Amino acid sequence: MHGESTGTLERAVAAFRGGDPVLVHDADDREGETDLLYPASAVTPAAVARLRNDGGGLIFVALPAAVADRFDLPFLHESVDHPANDYTDLGYDARPSFSLTVNHRDGFTGVTDDDRALTIRRLGEVSDDDAVGVDAFADEFRTPGHVHLLRGASGLLDERRGHTELGLALAREAGVAPAVAGCEMLDDETGGALSTVDAEAYARRHDLPFVEGAALIRALE
């Protein structure tokens, strides 16, 4: 596995099982990005602060297709009737994974660390509760909001190999609730994606697992 010194797959699974974050790099020939990922049900305000400060990209929650269907969450590109809704020039994949944006109704503006942590944590908890359907979901969450929801591919890694599917596959392997919070790691100096070398260095500094997507796919197929 690339980056063996920063952690093995087994360590990544153990971290997720314990509610701790994992760094996952997808592939140099895809987005070429490293995402900082958490089990959604374990996200605290401190975790949100880490995602926005140390990640810097978009804070999201990925849900499996079955859970998204239970909550009646659409792919956004299939629901928006607007001339800008044209993703045929998407450079890294055949389609986007974006669904709705949501806030928890018990929050205020929805954007603070406390509010986003509440939204994300409850998304993790309700994702693991088969009794929560679309009506109960709507009673607890409103849209639009400040947490972006992503729909995983129905076949997970057999169908798509983005961070959405990689994170959900890791959550499944760890036996945690089927919802993953994450954020892309950006470079403060260049404004681009944090290099793999720098992402691995971050993982070492903070004693966090770093996993290459290809290694995760090989281990979980």
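Me: Why is R52 called partly exposed?

Reply: In this predicted model, R52 has a relative accessible area of 39%. Buried would need a value under 20%, and exposed would need one over 50%. R52 meets neither condition, so the label in between applies.

Me: And what makes D113 count as buried?

Reply: Its relative accessibility is 18%. The limit for buried is under 20%, so D113 falls on the buried side.

Me: How do you know that D113 and R52 form a salt bridge?

Reply: Look at the closest N and O atoms of the two residues: they are 2.8 Å apart. The cut-off is 4 Å, between a side-chain nitrogen of Lys or Arg and a carboxyl oxygen of Asp or Glu, so this pair qualifies. Side chains of opposite charge can pair when their charged atoms come close.

Me: Which parts of the chain does this pair tie together?

Reply: D113 belongs to helix α4 and R52 to helix α2, so parts 61 residues apart in sequence are tied together.

Me: How many salt bridges does the structure hold, and what makes D207 with R11 one of the linkers of distant parts?

Reply: There are seven. In the D207 and R11 pair, the closest N and O atoms are 2.7 Å apart, and that is within the 4 Å limit. The two residues are 196 residues apart: D207 is in the loop between α7 and β7, while R11 is in helix α1 (residues 9-17).

Me: Why do D207 and R11 get different accessibility labels?

Reply: D207 has a relative accessible area of 58%, and since exposed means over 50%, D207 is exposed. R11 has 28%, which lies between the 20% and 50% limits, so R11 is partly exposed.

Me: What separates R122 and E125 along helix α4?

Reply: About one helical turn, because they are three residues apart in that helix. They form a salt bridge too, with their closest N and O atoms 2.7 Å apart. R122, at 24%, and E125, at 34%, are both partly exposed. Salt bridges that share partners join R122, E125 and E140 into one network.

Me: Let's move to the strands. How do you know that β3 and β5 pair?

Reply: Pairing needs at least two bridges, and strand β3 (residues 60-63) and strand β5 (residues 141-151) have four, so they count as paired, in the parallel sense. One example is V61, whose bridge partner in β5 is L149.

Me: In which sense do β4 and β5 pair?

Reply: Strand β4 (residues 98-104) and β5 pair in the antiparallel sense, over five bridges. Here T101 has H148 of β5 as its bridge partner.

Me: What makes β4 and β7 edge strands?

Reply: Take the order of the seven strands in this open sheet: β4-β5-β3-β6-β2-β1-β7, with mixed pairing. β4 and β7 (210-212) each have a single partner strand, so one side of each is left without a neighbour in the sheet. On average, neighbouring strands are turned by 40° against each other, direction ignored.

Me: Which helices pack on the sheet?

Reply: Helix α2 (residues 45-55) is one of them; it touches β2 (34-39) and β6, and its direction makes about 180° with that of β2. Helix α4 (residues 113-127) also packs there, touching β3, β4, β5 and β6, at about 60° to the direction of β5.

Me: Which residues touch the most other members of the largest nonpolar core?

Reply: L23, V61 and I120, out of 35 residues in that core. The largest share, four residues, comes from α4. Apart from this core lies another, of 23 residues, among them A15, F16, V24 and L168. In soluble globular proteins, nonpolar side chains tend to be buried together.

Me: Finally, why is T196 called buried, and what joins T196 to H25?

Reply: T196, in helix α7 (residues 196-205), has 16% relative accessibility, and buried means under 20%, so the label fits. The side chains of T196 and H25 are joined by a polar contact of 3.3 Å, which is within the 3.5 Å cut-off.

How values were computed:
Residues numbered from 1 in each chain as written. Predicted model: local features only at pLDDT ≥ 70, side-chain atom pairs only at ≥ 80, totals over all residues. Heavy atoms only, no water. Buried < 20%, exposed > 50% of the residue type's maximum accessible area, 1.4 Å probe, protein only. Polar contact = N/O pair within 3.5 Å; in protein donor to acceptor, adjacent residues only side chain to side chain. Axes fitted to C-alpha atoms, helices over the stretch in contact; angles between N-to-C directions. Contact = heavy atoms within 4.5 Å. Core = buried A, V, L, I, M, F, W, Y, C linked by side-chain atoms within 4.5 Å.
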